[in-house]
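Welcome! Have a look at the model below, then work through the exercises with us.

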Amino acid sequence: MEWEYSPAPESSAIADIKDRYLPFIDGTFKEGNGEDRETINPGTAKRLSTVSTVNDADIDRAVNAARQAYENVWSDMSGAERGKFLFRIARGIAERSRELAVVETLDNGKPIKETRDFDVPAAAQHFFYHAGWADKLQHLGLGPAPRPLGVAGQVIPWNFPLLMAAWKIAPALAAGNTVVIKPAETTPLSILVLAEIIADADLPPGVVNIVTGAGDVGSTLVNHRGIDKVAFTGSTAVGRRIQRELAGTGRKITLELGGKGANIIFDDAAQDQAVEGIINGIFFNQGQVCCAGSRLLVQESIAEEFTERLKQRIETLRVGDPMDKNTDVGAINSEAQLDRITALMKAGIAEGAELWSSSCPLPKNGFYLSPSIFTNATPSMRIAREEIFGPVLTTMTFRTPDEAVSKANNSPYGLSAGVWTEKGSRAMGMAAALRAGVIWDNTFNRFDPAASFGGYKESGFGREGGPSGLAAYLDTDDEVVTQ
Amino acid sequence: MSHLAVTKTYKLFIGGAFPRSESGRTYQARDDDGNFMANAALASRKDLRDAVVAARKGYAAWSKATAYNRGQVIYRLAEMLESRKAEFVELIMISTGASTKTATAEVNASIDRLVHYAGWTDKLAAVLGSSNPVSSPYFSYSTPEATGVVGILAPTGTPLLGLISVIAPVITGGNACVAVAAEHDPCVAITFAEVIATSDVPAGVINILTGKITELAPHLAGHADVNALDLTGADAELRTSLEQSASETVKRVYVPKGVPDFTAAPGIARLRAFLEIKTVWHPTGALSLSGGTAY
């Protein structure tokens, strides 16, 4: 008997997508002086809306507005009052959560069940968590009255547009900074809805400014002389460039960059649970996650059986319309990203790894890719070393725990790692040995504003979330100097 | 009866041993009046690379040592320094022209600085880590870990206190280091290496090079197996170019915001600069075993 799912589409009308979106500077939505950019719905490859972008003069205006707001309003305000604004924003996100989820799915291509159940509630929670810190900074262990840094210039990626906006804005504001933030050019909409929420919350003008545009806008922003703090989430290549450009300026930087997370399966792991965790690790958000578990390391004795289980499970994933509530894997964010993924897959085939892909049907229009696995890969292959940022898993095997650790750590990245074993001591021992900023034992891709997140090595530095995430937005330099 | 003094050959300190520079080069250390003091090894790029290899090995052992053990070892450094106090006072007086009082104060402060950090090793996790009350059935905690191999450019001025004030916070967190001593003061630095060599510090945890900072620093900043840099001893111009090189492998870089006053109480910025926060998630299961209805 054939069991079919009926389509269960969410209504796109809920998003109330406007024909045109404007940057948000000094408390008002105003035409930018850059060239307009169209934003595409990756699920259909059709135009979704048009966004007015900024030029250098607009960036000046935004930075000045942030400076004025910092000097005249925000740094004078009590932490308790600042916190109340953040609580308001958290509530505003929750109240408009369904709309935000649909906007995000239409603009980003990720499944509605993810935006609805993860991105949007997590964004609200992030504001709620940090709101509570605003009047408790003296308890962070950074002295009796930790000082904010000033104006933060922030650049965020397209993979979690609203959530990354929350990760950046909430701690910055809680610590007493003002911000100028630039969303990715392919996903500007949800943060501009957030701007409406911010405006409705009566946040003083200039405390949050949103400038739209491509990489050149981000580059101008982070290099702007009026910026005191830079926070960037994105590729390691761009992160390196930012660090280089800011050399000698003394500005505090937080970089949250790429990863090639190892997911390590021991022979005693609960295999069905491990399969679910691996699926989550590499296919959540179509694998477009900096901490994705894109390197699977399976203990040799179970590798064959385990890979079969994994393939069977992947065959059941529903790939397609992101707006369908039953969709597990949605659209890749852009054609350019799809091209980057397929180019790296070709390199994997050319280097001798075996490619297996789910036989699921793909929609005709839009940017889609079948969930895929490379087997017989070796650590030197590009697919085992480079971040793929797509629904493609590279599998390798190991024999001993030591070998697993050395293979997992053999990467310039160090953002995340997963360990699957029923033995508690081994899980904790592995967690200590792995050189990565986040370790998931018998789970993967867990996030919480109370738990700090960030990388080792070339995955960047600085943390987001938790007490150490707040430290990134405060002056922590307590060394006594004479000049 | 007269005795012709046996002068010391100052060599490098790499992997717990005292090799000459592989380049065979030396330079003259001069005292405060410009008179010849000693020949010191003029370290080369190759020496620096050897030191990084040694530091990577040292890091493997040191980062696995217990915090208690690391504290004891750093305290042992203080003990050994105390026992050689007179020697350091004399050396500092010759090298810098300081008075007995000033030089003694510097050595005392150096000993106290080591004692201060010896007590830090087993408190870092409590101060910088956290138990995270996540809103899902997981036990989550965040804890500081060593960054890895740290390249240090030691400051000029107070040769012993400056060197110890930059090295101690780095090793306290479990890192290993390659320190380039202040060019002018190789003798104090290498004599301190003798203290290290007799203090149970595992080989390679602290490596000290003497020579030209402008020659060595670019290689340190560009070395792919160095995880972090402390640029205290570099001038503003050099700092910028080193920070640029450091970006190639996303190194953590500590740059003081002025000239550090090492006589003041140290804060924790230097400790924090060379630590990574790791967050671990562990499931607790759907059922809470801690409650129940019976009581």
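A residue counts as buried if 20 or more other C-beta atoms lie within 10 Å of its own, exposed if 12 or fewer, and partly exposed in between, with C-beta atoms placed from the backbone. This is a predicted model, where local features need pLDDT of at least 70, side-chain atom pairs count only at pLDDT 80 or more, and totals for chains, interfaces and linings use all residues. Residues are numbered from 1 along each chain as its sequence is written, and chains are lettered from A in the order in which they are written.

**Exercise 1.** Describe the surroundings of Gly222(B).

*Solution.* Start with its place: Gly222(B) belongs to helix H8 (residues 213-222) of chain B; helices (H or I, at least four residues) and strands (E, at least two) are DSSP runs, numbered from the N terminus. Next, count: 15 other C-beta atoms lie within 10 Å of Gly222(B), so the residue is partly exposed. Then look for contacts (C-beta atoms, placed from the backbone, within 7 Å). Leaving out residues up to four places away in sequence, Gly222(B) touches Ser245(B) and Glu248(B).

**Exercise 2.** Find which residues of helix H13 (residues 401-409) of chain A are buried, and how they are arranged.

*Solution.* First, the buried residues are Ala404(A), Val405(A) and Ala408(A). Seen down the axis of H13(A), they fall within an arc of 95 degrees (taken from the directions from the helix axis to the C-beta atoms), so they line one face of the helix. Finally, their packing partners in chain A include strand S11 (262-265) and helix H14 (424-433).

Terms used: Two residues are in contact if their C-beta atoms, placed from the backbone, lie within 7 Å.
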